[in-house]
Amino acid sequence: MQKRTPNGQLVKQKMDQTFALRRKEVVESEPAISKMVERWPALFTEDQVVMEFNRIVGKNLKQEFYESIDRHSFCLIEIFRSKSGNVGQQLTQLLQQTKTTEPTAVRTLVLRGLPIVLGDNPTDFYRAGFDADDDDSFRHIEIGILQVEPEGAAVASSLHLSPTSLKVIIEGEVVMDNIKDLPKAMCLLFGLSYALHLNYHKSMKFTFQFIQQVLLTLGHSELKPRLQTLKNQLAM
């Protein structure tokens, strides 16, 4: 992994061979993220996040994540439009920024709207910053996605449909960066949650549980009431 261009096939072979060892270490020892980055650098690459997820649950993370969002996006957006009160106002602000049916924009809208509908608080999870911000500005973030904008860009109440890049932050560490869009960043962070045996972010737990149990049909079949309600609305 220290080479300028690592041999992808060799990395995959070694990661396959060491899976049981790595899984035992992650689950039993719960090492700090900084230690995991040092010991298993390949685990924090896009290809290996997807492959590790497949090793654990036997599913293609990116394919199922995107297909499920796309399958439910029309219905979810209609649900967003039907909301009133403070929730409705927040969702209307997001809806007004999406004037296109381009898939990445629609997926971004859905992922930004889901926490609002489910009663989560994404304020400390979805962060926005500028190119010039130093690393200390996110050292306090336990887990989240930082959307990097050029200097002078508006950040308040924005969907950030065209960020300069995105970073995945865990335990104050940037574990993945130069991600091109929010859906990919969210997909990779979900995969890392499985790979690193992480608890879901407290203020986003219903969103992550919805992705896990409803979108990817993983884990327990019994849903929390608010998740079951939204799933029922999707089936109408």
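At 59% relative accessibility, Glu30 counts as exposed. This residue of the predicted model sits in the loop between H2 and helix H3 (33-39). Its phi is near 45°, a positive value in a residue other than glycine. That is worth a second look, because most residues other than glycine have a negative phi. Glu171 has a positive phi too, near 50°, and is likewise a residue other than glycine. Its place is again a loop, this time between strand S3 (165-170) and strand S4 (173-179). With a relative accessibility of 35%, Glu171 counts as partly exposed.

On the far side of the Glu30 loop comes helix H3, and Val37 lies in it. Val37 is partly exposed, its relative accessible area being 32%. Once residues up to four places away in sequence are set aside, Val37 touches Phe44 and Val175. As for Val26, it is 11 residues from Val37 along the chain, and the two C-alpha atoms are separated by 12 Å.

Helix H2 itself (residues 19-29) packs with helix H4 (residues 46-57). The angle between them is about 85° and their axes are 12 Å apart. H2 and H4 are therefore roughly perpendicular to each other, since an angle of 65 to 115 degrees falls in that class. From H2, the residues taking part are Phe19, Arg22 and Arg23; these meet Glu52, Arg55 and Ile56 in H4. Sorted by class, the residues of this contact come out as 2 nonpolar, no polar and 4 charged.

Next up is helix H5 (residues 61-82), where His72 has its place. Is His72 buried or exposed? It is buried, with a relative accessible area of 18%, because the cut-off for that class is under 20%. Leaving out its neighbours within four places in sequence, His72 is in contact with Leu215 and Leu234. Ile79 is found in helix H5 as well, and at 8% relative accessibility this residue counts as buried. Which residues does Ile79 contact, leaving aside its neighbours within four places in sequence? They are Leu230, Gln233 and Leu234. Leu234 thus turns up in the contacts of His72 and in those of Ile79. Asn199 is another matter: it is 120 residues from Ile79 along the chain, and the C-alpha atoms of the pair are separated by 28 Å.

Helix H7 (residues 103-118) can be followed from end to end. Its 16 residues reach 22 Å from the first C-alpha to the last, which is close to the 22 Å expected at 1.5 Å a residue. The helix is mostly covered, with 14 of its 16 residues buried. At the start of H7, Glu102 brings a side-chain oxygen to within 3.1 Å of the backbone nitrogen of Thr104. Just after H7 comes Gly119, with a positive phi of about 85°.

H7 also packs with other helices, one of them being H6 (residues 85-95). The angle between H6 and H7 is about 175°, and their axes are 10 Å apart. The two helices are therefore roughly antiparallel to each other, the threshold for that description being over 145 degrees. On the H6 side the contact is made by Val87, Gln90, Leu91, Leu94 and Leu95, while H7 supplies Leu109, Arg112, Gly113, Ile116 and Val117. Broken down by class, this contact of H6 with H7 has 7 nonpolar, 2 polar and 1 charged residues.

Another partner of H7 is helix H8 (residues 182-195), packed at an angle of about 55° with the axes 8 Å apart. That makes H7 oblique to H8. H7 brings Thr104, Arg107, Thr108, Leu111 and Arg112 to the contact, and H8 brings Leu182, Pro183 and Met186. The residues of the contact of H7 with H8 are 4 nonpolar, 2 polar and 2 charged. Two of the H7 residues have come up before: Thr104, whose backbone nitrogen is the one reached by Glu102, and Arg112, which is also part of the contact with H6.

Terms used
Residues numbered from 1 in each chain as written. Predicted model: local features only at pLDDT ≥ 70, side-chain atom pairs only at ≥ 80, totals over all residues. Heavy atoms only, no water. Axes fitted to C-alpha atoms, helices over the stretch in contact; angles between N-to-C directions. Helix = DSSP H or I, 4+ residues; strand = E, 2+ residues; numbered from the N terminus. Parallel < 35°, antiparallel > 145°, perpendicular 65-115°, else oblique. Contact = heavy atoms within 4.5 Å. Nonpolar A, V, L, I, M, F, W, Y, C, P; charged D, E, K, R; others polar. Expected span 1.5 Å × (residues − 1). Buried < 20%, exposed > 50% of the residue type's maximum accessible area, 1.4 Å probe, protein only. Polar contact = N/O pair within 3.5 Å; in protein donor to acceptor, adjacent residues only side chain to side chain.
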